[in-house]
Amino acid sequence: SHAKEILHCLKNKYFKELQDLEVDGQKVEMPQSLSWYPEELAWHTNLSRKILRKSPELEKFHQFLVSETECGNISRQEAVSMIPPLLLDVNPHHKVLDMCAAPGSKTAQLIEMLHADMNVPFPKGFVIANDVDNKRCYLLVHQAKRLNSPCIMVVNHDASSIPNLQIDVDGRKEVLFYDRILCDVPCSGDGTMRKNIDVWKKWTTQNSLQLHGLQLRIATRGVEQLAEGGRMVYSTCSLNPIENEAVIASLLEKSQGALELADVSSELPGLKRMPGITKWKVMLKDGQWFEEWKDVPSNRQTQIRPTMFPVKEEEKLKAMNLERCLRILPHHQNTGGFFVAVLIKKSPMPWNKRQPKVNQKLPQRTGDTIVTATNSEDGSEDIIEEPILAENEESKKMQKLQNSDTEQNKKEGVCGPPPSKKMKLFGFKEDPFVFLPEDDPLFPPIQKFYALDPSFPKMNLLTRTQEGKKRQLYMVSRELRNVLLNNSEKMKVINTGIKVWSRNSDGEQFGCAFRLAQEGIYTLYPFIHARIINVCIEDVKILLTQENPFLSKFSSETQKKVKDMAMGSIVLKYDPDPEKPDTLQCPIVLCGWQGKTSLRAFVPKNERLHYLRMMGVEVFKAKRKEEESESKTEEEVEYKQAQLEEGMDVEDKERDLVAKTEGETGEESSHTPVENSAMEVENKTEDLDQLSKNANNHVS
């Protein structure tokens with residue numbers, strides 16, 4: 001409902017203001033909706049970043065884009081990279097794995113699809129977003145956090161060897177298979193040459209030859225973890241067949257009928273596409289072309305692999321249906337170049353089907369490695385090498401393999417026992433995820449104060465600290481809790497959970513030490529039965545534009561409701577009136593604080609601006625060259641504090657800093673405007689500026 005309001009605002013306000021506008025003597029082209037994206041939810045603009053930033057005429061539009069992006073209501077992204085999540089066809093009950101997720105634009109689309117029904121706080125599905133690069137994982141967290149979902153977990157693994165996870169199903173452990181997998185693999189990026197000048201300088205045929213093996217390993221690992229009947233989308237921003245059709249053909253050949261390419265020609269009508277190709281040649285850096293594997297000289301066989309060549313047998317090639325792949329060419333609809341293939345898994349992968357133990361080939365000894373030969377479909381032998389073990393260890397290993405039938409059944413999808421290597425940890429050491437115990441004394445006062453529904457899933461509450469006072473309470477869905485509890489040893493989790501409560505020392509005297517957090521309010525709201533004040537649109541405007549308004553400024557109905565309520569954290573709810581179509585037509589839930597004589601909203605700056613825009617309030621402020629510090633208002637200081645709280649939550653790294661600012665926020669919240677003197681606020685401005693800078697640096 002919020003997306004529809006933003007669309008309405010864009011069309012009727014911002015786009016209209018761009019009409020007949022000229023920048024540097026050139027007429028501004030109107031943004032166009034992408035015809036193939038459902039419900040007009042994607043738009044394309046030809047305005048360059050430089051023009052958007054530098055032109056005073058476009059400043060209002062630029063501020064709108066930046067502000068709405070910050071609070072997760074819009075995402076800016078290459079048009080073609082929006083295609084894979086759409087073709088993945090995600091439903092709210094699906095378990096989704098995003099294998100190479102950073103920087104997170106596609107992940108955001110997946111989360112959005114899980115929450116298709118805004119009235120369901122905890123969809124049954126979830127998204128596990130993985131990336132191999134620790135630093136890029138934090139970028140991913142920042143992107144995902146904007147969507148405030150309890151159903152996303154960010155993990156840090158090599159996608160080609162991402163571990164099998166286990167979940168508890170009715171008391172027994174089972175391997176987790178995903179309903180949907182997005183496999184947007186690392187690629188040479190030659191499809192981005194229109195916007196990425198580096199491609200012209202650095203491109204060589206070697207790039208694809210080096211990446212092909214990794215791409216095939218990641219895709220293979222993906223299909224191993226896919227549930228039967230599940231869908232995996234493989235995509236690259238390259239047009240090189242060695243990174244595209246060659247990987248898909250090799251995967252289909254290895255699968256021996258377990259996989260098939262889905263025909264998606266009827267999906268995304270309006271998208272101009274080309275079919276996948278069936279014939280191509282392989283080229284070396286020095287310009288040598290090869291049409292078949294047998295032509296490759298032995299000294300080049302490490303660079304060029306058999307899987308890079310097209311399939312020669314006509315029947316086999318026809319059965320693969322490679323023309324079902326999608327190739328998006330840049331000149332067809334003014335986009336980047338892109339490749340997409342949609343795979344359906346019909347049965348387990350052949351190497352995962354358990355053979356009777358007697359018929360298993362015993363390893364042959366060769367020198368100092370064990371080599372297991374397995375016949376592949378074309379008659380050639382695939383050689384799997386393992387480090388050799390001492391004689392007695394080897395026999396023990398074989399004995400163990402034969403005696404662990406039940407164990408192997410649990411781990412279907414794993415070829416032999418996993419290596420007993422200790423996981424290497426890179427980057428930051430993450431704080432633990434500690435679920436609240438059943439009898440934690442922390443919870444009953446919260447339950448009583450907010451009159452939480454008996455169905456509230458308190459087992460899903462977690463903190464990030466094992467010792468000392470719990471400052472923040474986070475929440476995950478039941479399904480993610482299951483994943484976290486059963487895989488803590490094998491999984492490196494960077495972030496999960498949505499903040500729902502923050503400790504507030506002032507709140508203790510009113511019966512509850514925790515105030516509601518705006519990030520989690522849409523998840524929590526369905527379970528809260530007390531401390532809710534229904535407000536009209538005029539009240540919402542006052543709450544969002546004034547720092548700490550007196551109760552006398554609100555409507556008489558609001559004043560009556562507040563009168564009988566104890567001081568402390570509250571929920572402010574606006575319900576749209578369908579009979580007044582000109583007013584805001586999406587529900588709004590805000591966190592607030594009720595003082596003795598005042599009422600205030602605890603909402604981050606960009607979210608405030610978002611709601612005000614949707615209500616038709618002009619929030620644009622032109623940049624002024626004179627010293628801004630002189631004109632800083634109490635409202636701006638509050639915005640900074642809220643923003644800081646938001647930013648720091650991204651990594652949960654600077655605990656003390658958060659505690660400090662939240663302490664200030666909590667203290668202020670129970671004061672009346674009379675006590676809240678402007679001088680105090682002026683004095684805090686400089687400190688907050690510094691804190692805000694630190695936070696922003698840390699987030700980026």
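These legends accompany several close-up views of a predicted model.

**Figure 1. The whole protein sets the scene for the close-ups.**
Before zooming in, take a look at the full chain. The protein has 700 residues, and 51% of them count as buried. Its secondary structure adds up to 22 helices and 30 strands. Among contacts with a separation of 6 or more, 74% link residues that are 24 or more positions apart. The accessible surface comes to about 34400 Å², and carbon and sulfur atoms contribute 51% of that area.

**Figure 2. Gly104 belongs to an annotated binding site.**
An unreviewed UniProt entry lists a "binding site" that includes Cys100, Ala101, Ala102, Pro103, Gly104, Ser105 and Lys106, along with Asp131, Asp158 and Asp184. Here we zoom in on Gly104, which you can find in the loop between strand 5 (95-98) and helix 5 (105-114). Is Gly104 buried or exposed? Gly104 counts as buried because its relative accessible area is 2%, and the cut-off for buried is under 20%. Setting aside residues up to four places away in sequence, Gly104 touches Leu140 and Gln143.

**Figure 3. Asp184 makes a polar contact with Lys106.**
Now move to another residue of the annotated "binding site", Asp184. Asp184 sits in strand 10, which covers residues 178-184. With a relative accessible area of 16%, Asp184 is buried. Which residues does Asp184 touch, not counting those up to four places away in sequence? They are Cys100, Lys106, Ser235, Thr236 and Phe338. Look closely at Lys106: its side chain makes a polar contact with the side chain of Asp184, at 3.1 Å. Both Lys106 and Cys100 are also listed by UniProt under "binding site" in the unreviewed entry.

**Figure 4. Cys237 carries the "active site" annotation.**
In UniProt, an unreviewed entry gives the annotation "active site" to Cys237. To find Cys237, follow the loop between strand 11 (226-236) and helix 9 (245-255). Cys237 counts as partly exposed because its relative accessibility is 23%, and partly exposed runs between 20% and 50%. Leaving out residues up to four places away in sequence, Cys237 touches Cys187, Gly189, Asp190, Gly191 and Thr192, as well as Gly337 and Phe338. You have met Phe338 before: Asp184 touches Phe338 too.

**Figure 5. Asn487 meets residues from far away in the sequence.**
Asn487 lies in the loop between helix 15 (478-486) and strand 24 (493-496). Asn487 is buried, with a relative accessible area of 1%. Beyond its neighbours within four places in sequence, Asn487 is in contact with Asn164, Leu165 and Gln166. How many residues apart in sequence are Asn487 and Asn164? They are 323 residues apart, yet their C-alpha atoms are 9.2 Å apart in space.

**Figure 6. Four strands form an open sheet.**
The strands of this sheet come in the order 27-28-29-30, with mixed pairing. Strand 27 (532-534) and strand 30 (599-601) are the edge strands, each pairing on one side only. From one strand to the next, the twist averages 35°. As a reminder, strands of a sheet pair through backbone hydrogen bonds, either parallel or antiparallel. Strand 28 (residues 568-574) and strand 29 (residues 588-594) pair in the antiparallel sense, over seven bridges. For one pair to look for, start at Gly568, whose bridge partner in strand 29 is Gln594. Helix 18 (residues 556-563) lies across strand 27, strand 29 and strand 30, and it runs at about 165° to strand 27.

Key:
Residues are numbered from 1 along each chain as its sequence is written. This is a predicted model: local features need pLDDT of at least 70, side-chain atom pairs count only at pLDDT 80 or more; totals for chains, interfaces and linings use all residues. Side-chain values use heavy atoms; hydrogens and water are left out. UniProt positions are given in the numbering used here, feature names are shortened, and annotations may be inferred rather than shown by experiment. Helices (H or I, at least four residues) and strands (E, at least two) are DSSP runs, numbered from the N terminus. Buried means under 20% relative accessible area, exposed over 50%, partly exposed in between (1.4 Å probe, protein chains only). Contact means heavy atoms within 4.5 Å. A polar contact is a pair of N or O atoms within 3.5 Å; within protein, one must be able to donate a hydrogen and the other to accept it, and residues adjacent in sequence count only if both atoms are side-chain atoms. Two strands pair if DSSP finds at least two bridges between them. Axes are lines fitted to C-alpha atoms, for helices over the stretch in contact, and angles run from 0 to 180 degrees between N-to-C directions. Accessible areas come from the Shrake-Rupley method with a 1.4 Å probe; for residues, only the protein chains shown count as cover.
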